[in-house]
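Please open the structure in your viewer and keep the selection tool at hand. The stops below say what to select next and what is to be found there.

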Amino acid sequence: MKSILQQIIAQNKKQEIADAAARQQEINHPQTTDKRRDFLKKTALGGIALGGFMAASIEDTLAQTTSKVKRASSPSELKITDMRYALTNVMGGTAIIRIDTNQGIYGLGEVRDAADVRYALFLKSRILGANPCNVELIFKTIRQFGGQSRQAGGVCAVEMALWDLCGKAYNVPAWQLLGGRYRDKVRLYADTPEAGSVEEQKKLINYRINDQGYTWLKMDLSIAELKGKPETLVNAKPWENSKGDLAQWGDQTNPMSYANTLHPFTQIQITDKGLEELAAIVDSTRKLIGYDIPISTDHYGHFDMNNGIRLGKAVEKYRLAWLEDLVSWELTSQWKTISDALETPTTTGEDIYLLKYFKPLIDARAVDIIHPDLASSGGLLETKRIGDYAEENGIAMAMHQAGTPVSFMACVHCAAATQNFLSLEHHSVDVPWWESLVKTTDGRQLITKGYATVPLSAPGLGIELNEDVVKQHLHPRDKTFFAPTKEWDERRSVDRIFS
């Protein structure tokens, strides 16, 4: 092969010399016009200089002939060189990580809302030098370091960033790497916080439906709403804090606090009067928006399965989209009992890590809808696997999301690639600067009329950080912005989990 190629090069060299001589002769001819002379000079400069080929190797020759081919990177030669972070002020502290490579492209990921960024930094020494396009291999290597809920934040952040990197390397959107898309836009449900008055609630709902165009809402329906209403709860007083509140997200440091006590262990009961009060809240909301828009409910407080069933029956006639997290996710048999007792769909899953732990709920048909948070469930591919497994068992998937636009877009790609998807949470509807934390790389709107736009051609997650805006909204406790993290480079343990 080498001799044939050398012959071709020699022939081309002869032809090039002959062409160059003829070209120069025409340039020198007095009757050649200036325009023609300029054209001939440009063609002489524009071609590949074959004269230099004879001294080059075959590999160098081929490299030169393909040097102008457009490609995103050289994926097979990519290596991870660094991991850095910025702690945003979203949801009380949500970290965005950046994984850098030897080719100048990088990937963005996110540690789940309010989780420690060190869950991700701990993994840096385990991925340095690896090819980021081997996403599943790296995920299986670091998977053991994730746990349930926010303890999975580091593993999921890395996995998100790897898909962003891989998409950029191959110049395709992340959904394409997951097997293709089912939809061009992803339906969102707008989380609606508890309001202090009916008028305030009307204002929040009007903004979501009429101003923003959302077609699915979620509302809290908490026993905390019964504060100051006598004869609505039994055994609530011992669980109240100094302000008389049942603080579901209260004292996290006290293992015996209301916030840290599992639902079956409080023995708080809701009286018939209390159920009437909670039903009246749903009734008021349903009258405000009508029946065209689904309403999901969440954050009821900590009470047992029996009271959950009683509450579910009290609001049955309002045709709620789902009852979420009535009891803790791992209580499979209790979920089965609740779901069998109610007509309203049930859901859980935002704190579950890995398909392995979703399977008991799905296999028992203990819930009607699964509800993973991609920043806890294992990232894009694992969440798609969860959705696909649920689909095989006739169960739909909604998605929880309460972070920055980085995890939001990771969810959008996963939702686009998963057939049984229903709706994705948007938790920051009332945060005016949230969308401007990023800019889309293809110029599309992030959200339009209650739907996220799926990037059809933008590579990776399809976003880049708007750095000036991110810097304006860093968390007060850590204002560093993608500073070096050399202290996490060294690996200090043997991690194999079998003998």
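The tour goes from a sheet to a core, then to an aromatic cluster, a helix and two single residues.

Before starting, note that this is a predicted model, in which local features need pLDDT of at least 70 and side-chain atom pairs count only at pLDDT 80 or more, while totals for chains, interfaces and linings use all residues. Residues are numbered from 1 along each chain as its sequence is written, and side-chain values use heavy atoms, with hydrogens and water left out.

**Stop 1: the sheet**

Select β1 (80-88) and β3 (106-110) together with β2 (residues 94-101); helices and strands here are DSSP runs numbered from the N terminus, a helix (H or I) having at least four residues and a strand (E) at least two. The three strands form an open sheet in the order β1-β2-β3, with antiparallel pairing, where two strands pair if DSSP finds at least two bridges between them. Because β1 and β3 each have a single partner strand, they stand at the edges, and one side of each is left without a neighbour in the sheet. On average, neighbouring strands are turned by 20 degrees against each other, direction ignored; axes are lines fitted to C-alpha atoms, for helices over the stretch in contact, and angles run from 0 to 180 degrees between N-to-C directions.

Eight bridges join β1 to β2, and five join β2 to β3. To follow the register, pick Ile99 in β2, which has Met83 opposite and Gly107 in β3 as a bridge partner; Ile97 is partnered in β3 by Gly109. The hairpin of β1 and β2 has five residues between the strands, and Met91 in that turn has a positive phi of about 55 degrees. In the hairpin of β2 and β3 there are four residues between the strands, with Gly104 in the turn at a positive phi of about 85 degrees.

Now colour β2 by side chain. In a regular strand the side chains alternate between the two faces of the sheet. Thr94, Ile96, Arg98 and Asp100 point one way, Ala95, Ile97, Ile99 and Thr101 point the other way, and all are buried, which means under 20% relative accessible area, whereas exposed means over 50% and partly exposed is in between (1.4 Å probe, protein chains only). Add α7, which packs on the sheet and touches β1, β2 and β3, its direction making about 150 degrees with that of β3; touching, or contact, means heavy atoms within 4.5 Å.

**Stop 2: the cores**

A nonpolar core is a set of buried Ala, Val, Leu, Ile, Met, Phe, Trp, Tyr and Cys residues joined through side-chain atoms within 4.5 Å. Which residues have the most contacts inside the largest nonpolar core? They are Ile97, Ile99 and Phe408, in a core of 125 residues. Its largest share, eleven residues, comes from helix α7 (residues 153-170). A second, separate core has six residues, including Tyr189, Trp216, Ala321 and Trp322.

**Stop 3: the aromatic cluster**

Select Tyr189, Trp216 and Trp322, which form one aromatic cluster. Rings of Phe, Tyr and Trp (its six-membered ring) pair if their centres lie within 6.5 Å, and planes under 30 degrees apart count as stacked, over 60 as edge-to-face and the rest as tilted. The whole structure holds five aromatic pairs. The ring centres of Tyr189 and Trp322 are 5.3 Å apart with planes at 80 degrees, so this pair is edge-to-face. Tyr189 lies in strand β4 (residues 185-192) and Trp322 in strand β9, so the pair ties together parts that are 133 residues apart in sequence. Trp216 and Trp322 make a tilted pair, at 5.7 Å centre to centre and 45 degrees between the planes.

**Stop 4: helix α11**

Move to α11 (residues 305-314), where Met305, Asn307, Gly308, Ile309, Leu311 and Gly312 are buried. These buried residues pack against β7 (269-270), α10 (272-289), β9 (322-324) and α12 (332-341). At the N-terminal end, Asp304 caps the helix, with a side-chain oxygen 3.3 Å from the backbone nitrogen of Asn306.**Stop 5: two single residues**

Select Thr347 in strand β10 (residues 346-348), which counts as buried at 0% relative accessibility. A polar atom of its side chain lies 2.7 Å from the backbone oxygen of Ile369; a polar contact is a pair of N or O atoms within 3.5 Å, where within protein one must be able to donate a hydrogen and the other to accept it, and residues adjacent in sequence count only if both atoms are side-chain atoms. Finish at Asn466, partly exposed at 23% relative accessibility.
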